[in-house]
Amino acid sequence: MATADYGINNLFDLIVEEWTGMIKQLVESLSTTNLNTEDNDMLNIKQSSSKIIYSAPPSNIYESIEAFYYAINWTEPFIISLLCFHFFNLLLVLITRKNIKIQIVYWIILLIFGRLTEQFNNYGRSNWQNFTTQNYFDKNGIFMLIFWAAPILLICLGITVNFLVHCYYLLIATTKQKIELKKKKKKNK
């Protein structure tokens, strides 16, 4: 049992390290492409409302998340539109949760959107000036992963769980009908 716990802790540490590295990479790419920095080793992120300045890359996950938060212009129409899109998707899934046919179609559409993440990122990298004030689209697609693919995949996961719950209730109903049918056959004999 102790070895299983040790393995889980190592897995958790690896995941945290991987996400920290990805967030650092995104913050560094945003800072070097859009902000005027004198030294590429130094990371200067300024937010007008809070005046937070980092003079070195973030050293832990919390600093990475904070740096990522301040690197994004949350009042930008593109970011607001993305957040509204995901809110609308979640709302639509919750409203249609009892209609499996609609959810199957919607699940497939969302998975197609998730699959097109790389193409959307490539389009965004080449045309970001048309719809954003800064280039969020790095070559690794970390921004698109966080702001596009992850919410879509979480919503798809919710739909999948809803499918499983519906299958569970169908299985129970079918089993009850079989038991009642067997009881009727025994009474008729």
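The following exercises, with worked solutions, concern a predicted model of a single chain.

**Exercise 1. Overall architecture**

Determine how many helices and strands the chain contains, and describe its pattern along the sequence.

*Solution.* Begin with the secondary structure: the chain has six helices and zero strands. Reading along the sequence then gives the pattern α-α-α-α-α-α. Next, consider the contacts with a separation of 6 or more: residues 24 or more positions apart account for 61% of them. Finally, turn to burial and surface. Among the 189 residues of the chain, 28% count as buried. The accessible surface comes to about 13200 Å², and carbon and sulfur atoms contribute 64% of that area.

**Exercise 2. Thr-117 and its surroundings**

Classify Thr-117 as buried or exposed, and identify its contacts beyond its neighbours within four places in sequence.

*Solution.* First, locate the residue: Thr-117 belongs to helix H5, which spans residues 117-127. Second, apply the cut-off: because the relative accessible area of Thr-117 is 12% and buried means under 20%, Thr-117 is buried. Third, list the contacts: with neighbours within four places in sequence set aside, Thr-117 touches Met-144, Trp-148 and Ala-149. Fourth, take one of these partners, Ala-149, and compare sequence with space. Thr-117 and Ala-149 are separated by 32 residues in sequence, while their C-alpha atoms are 6.4 Å apart.

**Exercise 3. A loop residue, Pro-57**

State where Pro-57 lies and classify its exposure.

*Solution.* The first step is to place Pro-57 in the loop that joins helix H1 (2-34) and helix H2 (61-71). The second step uses its relative accessible area of 34%. Since buried means under 20% and exposed means over 50%, Pro-57 is partly exposed. The last step gives a distance: Pro-57 and Ala-67, 10 residues apart in sequence, have C-alpha atoms 8.8 Å apart.

**Exercise 4. Surface patches and helix H6**

Identify the residues of the positive patch and of the nonpolar patch on the surface, and locate Lys-186 and Leu-157.

*Solution.* Start with charge: the patch of positive charge on the surface gathers Lys-178, Lys-182, Lys-185, Lys-186 and Lys-189. One of these, Lys-186, lies in helix H6 (residues 142-188). Because its relative accessible area is 69% and the cut-off for exposed is over 50%, Lys-186 is classed as exposed. Continue with the nonpolar patch, which covers about 620 Å² and consists of Leu-154, Leu-157, Val-161, Val-165, Tyr-168 and Tyr-169. From this patch, Leu-157 is placed in helix H6.

Technical notes: Residues numbered from 1 in each chain as written. Predicted model: local features only at pLDDT ≥ 70, side-chain atom pairs only at ≥ 80, totals over all residues. Heavy atoms only, no water. Patch = residues over 30% accessible without salt bridge, like charges linked within 9 Å, V, L, I, M, F, W, Y side chains within 5 Å. Areas by Shrake-Rupley, 256 points an atom, 1.4 Å probe, with all protein chains shown as cover. Salt bridge = Lys/Arg side-chain N within 4 Å of Asp/Glu carboxyl O. Lys, Arg positive; Asp, Glu negative; His and termini not counted. Charge placed at Lys NZ, Arg CZ, Asp CG, Glu CD. Helix = DSSP H or I, 4+ residues; strand = E, 2+ residues; numbered from the N terminus. Buried < 20%, exposed > 50% of the residue type's maximum accessible area, 1.4 Å probe, protein only. Contact = heavy atoms within 4.5 Å.
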